[in-house]
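Subject: A structure for you to look at

Hello,

Here is the structure I promised to pass on. Please open it and have a look around before you read my notes.

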Amino acid sequence: MGWSVALACASSGEPGRIFRPGLEPDADAALDLARRLYPTAAVEETGATVLDFALWPYQDEMFIGVYPDALVVCDRRLFCLDDEARHVADSIASALPDSDCGVLVLHTMVAGCWFRWYSRGELKRDVYVTAEDGVVVDQGERLDAEAPYWKSIDAGAGDVPLPFDQEQFGLDLARQLFGRDLADRGEDGFLPLELPLSRFRLG
């Protein structure tokens, strides 16, 4: 598929019930969060879009959706996979109290997947894999969605090159964020890629 994804998603409750048809974002709350994430930048709201168009933000923009019991953030800084990216992830995870939060980066430039999982603001899982370098980071208790991918490595197989598809690995982890496949329309008619978000320009 060749996806490039920079996505953080938090929800207080069961994601499959929280993310549903008719969900509308709170534009004022999104602007407030954007300013908190970029305290030294001039932040300007430039309209609305959907998640499908927000997964690969330009350098001078970000996308935020704040909903009842959930929020979604697409921030280009997450692609850097560095200390600033980890700080951004930590900040988003703490923005919605008593929530679970997942941060997913699928990076086509390095053919890698980075995923962090938080519970009530505390980091529980941090994993980073690339097709070329194998397992770079594997910390914390693995999520159920990961189990099939680790079988050969746990059985003693080498991880270089990575013995599974890092993109499919990431997309399966995305189910943890929305309670359903990122690109599949559920029986209730909801498609995560159609989730509405506010768009911001950063100056």
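Below is what was found in it, going from the whole chain down to a single residue.

Please keep in mind that this is a predicted model.

Let's start with the fold. The protein chain has five helices and nine strands. If you trace it along the sequence, the order is β-α-α-β-β-β-α-β-β-β-β-α-α-β.

Next, the overall dimensions. The C-alpha trace spans about 50 × 40 × 30 Å along its principal axes. A compact globule of 203 residues would have a radius of gyration near 17 Å, and the protein chain has 16 Å, so the two agree.

How much of the chain is buried? Of its 203 residues, 48% count as buried. Contacts also link distant parts of the sequence: among those between residues at least 6 apart, 62% join residues at least 24 apart.

Now the surface and the charges. The accessible surface of the protein chain is about 9,600 Å², and carbon and sulfur atoms account for 46% of that. The chain carries 18 positive and 36 negative charges, and the mean positions of these two groups lie 3 Å apart.

Finally, here is one residue to find for yourself: T49, in strand β2, which runs over residues 43-50. Is T49 buried or exposed? Its relative accessible area is 17%, and buried means under 20%, so T49 counts as buried. Leaving out residues up to four places away in sequence, T49 touches F63, L195, P196 and L197.

Enjoy exploring!

Best wishes

Note on methods. Residues numbered from 1 in each chain as written. Predicted model: local features only at pLDDT ≥ 70, side-chain atom pairs only at ≥ 80, totals over all residues. Heavy atoms only, no water. Helix = DSSP H or I, 4+ residues; strand = E, 2+ residues; numbered from the N terminus. Rg over C-alpha atoms; globule rule 2.2 N^0.38 Å. Buried < 20%, exposed > 50% of the residue type's maximum accessible area, 1.4 Å probe, protein only. Contact = heavy atoms within 4.5 Å. Areas by Shrake-Rupley, 256 points an atom, 1.4 Å probe, with all protein chains shown as cover. Lys, Arg positive; Asp, Glu negative; His and termini not counted. Charge placed at Lys NZ, Arg CZ, Asp CG, Glu CD.
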